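User: I have a structure in front of me and have not looked at it before. Could you show me how to read its features, one at a time?

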Amino acid sequence: STQSTWVIRSGANQRWHRWLALWEAERVHTHTTLYHVETEADLLSLQKAARALDLPNRLIRDAGRTQIAAGSKTVLAVGPAPDSWMQALDASAQLTEYVR
């Protein structure tokens with residue numbers, strides 16, 4: 001996702017830079033994952049799990065140009081990261097639904 005790649009490019013985490021380069025070159029199995037959550041608390045829990053695993057992530061707040069209130073936390077961008085790291089997030093998230 002654009003937001004998570006921005007986080008990587010603007011930061012100093014060299015592992016994340018390597019993952020991004022591999023993802024852009026499509027040389028290894030790296031991916032991003034879209035999770036469906038019911039509550040903001042679930043979204044924050046997922047972000048906490050991503051941070052605990054040291055995965056690139058960025059919490060997105062809505063601009064408020066639609067029916068969603070400005071500043072609402074609506075999306076968590078995670079990745080790109082190697083499959084094994086993202087699978088660790090899948091396992092720790094304990095969510096009922098996600099789309100790859």
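Analyst: We will go from the overall fold to the core, the charged residues and two loops. Keep in mind that this is a predicted model.

User: How many helices and strands are there, and in what pattern do they follow along the sequence?

Analyst: The protein has four helices and six strands. From start to end, the order is α-α-β-β-α-β-β-β-α-β.

User: What share of the residues is buried, and what does the surface consist of?

Analyst: Of the 100 residues in the protein, 33% are buried. The exposed surface comes to about 6,300 Å², with 50% of it supplied by carbon and sulfur atoms. Contacts along the chain can also be sorted by separation: among those between residues at least 6 apart in sequence, 60% join residues at least 24 apart.

User: How should I read a nonpolar core?

Analyst: The general idea is that nonpolar side chains in soluble globular proteins tend to be buried together. In this structure, the largest nonpolar core has 14 residues, and Leu55, Leu76, Val78 and Leu89 have the most contacts inside it. The elements giving two or more residues to this core are α2 (14-25), α3 (40-52), β4 and α4 (83-93). Of these, α3 gives the most, with four residues.

User: Which residues does Leu89 touch, apart from those up to four places away in sequence?

Analyst: Leu89 touches Tyr35, Leu46, Ala49, Ala50, Leu53, Leu55 and Val78. Two of its partners, Leu55 and Val78, are also listed among the residues with the most contacts inside the core.

User: Now the charges. How many salt bridges does a search of the whole structure find?

Analyst: Side chains of opposite charge can pair when their charged atoms come close. Here the search finds one salt bridge. Glu40 pairs with Lys73, and their closest N and O atoms are 3.2 Å apart. The pair links distant parts of the chain, since Glu40 is in helix α3 and Lys73 in strand β4, 33 residues apart.

User: Are Glu40 and Lys73 buried or exposed?

Analyst: Both fall in the class between. Glu40 is partly exposed, with a relative accessible area of 40%, and Lys73 is partly exposed at 22%.

User: What about a charged residue without such a partner, Asp62?

Analyst: Asp62 sits in the loop between β3 (57-61) and β4 (73-78). Asp62 is buried but has no salt bridge; Arg65, the nearest side chain of opposite charge, is 7.8 Å away. A salt bridge needs the charged atoms within 4 Å. The side chain of Asp62 does reach the backbone nitrogen of Gly64, at 2.8 Å. Beyond four places in sequence, Asp62 touches Ile68, Ala69, Ala70, Gly71, Ser72 and Thr74.

User: Gly71 is in that list. Where does Gly71 lie?

Analyst: Gly71 is in the loop between β3 and β4. Gly71 is partly exposed, with a relative accessible area of 33%. Leaving aside neighbours within four places, Gly71 is in contact with Arg61 and Asp62. Gly71 and Ile60 are 11 residues apart in sequence, and their C-alpha atoms are 8.7 Å apart in space.

User: Which backbone angle should I look at in Asp54?

Analyst: Look at phi. In Asp54 phi is near 60 degrees, a positive value in a residue other than glycine. Asp54 lies in the loop between α3 and β3 and is partly exposed, with a relative accessible area of 27%.

Notes: Residues numbered from 1 in each chain as written. Predicted model: local features only at pLDDT ≥ 70, side-chain atom pairs only at ≥ 80, totals over all residues. Heavy atoms only, no water. Buried < 20%, exposed > 50% of the residue type's maximum accessible area, 1.4 Å probe, protein only. Lys, Arg positive; Asp, Glu negative; His and termini not counted. Polar contact = N/O pair within 3.5 Å; in protein donor to acceptor, adjacent residues only side chain to side chain. Contact = heavy atoms within 4.5 Å. Core = buried A, V, L, I, M, F, W, Y, C linked by side-chain atoms within 4.5 Å. Areas by Shrake-Rupley, 256 points an atom, 1.4 Å probe, with all protein chains shown as cover.
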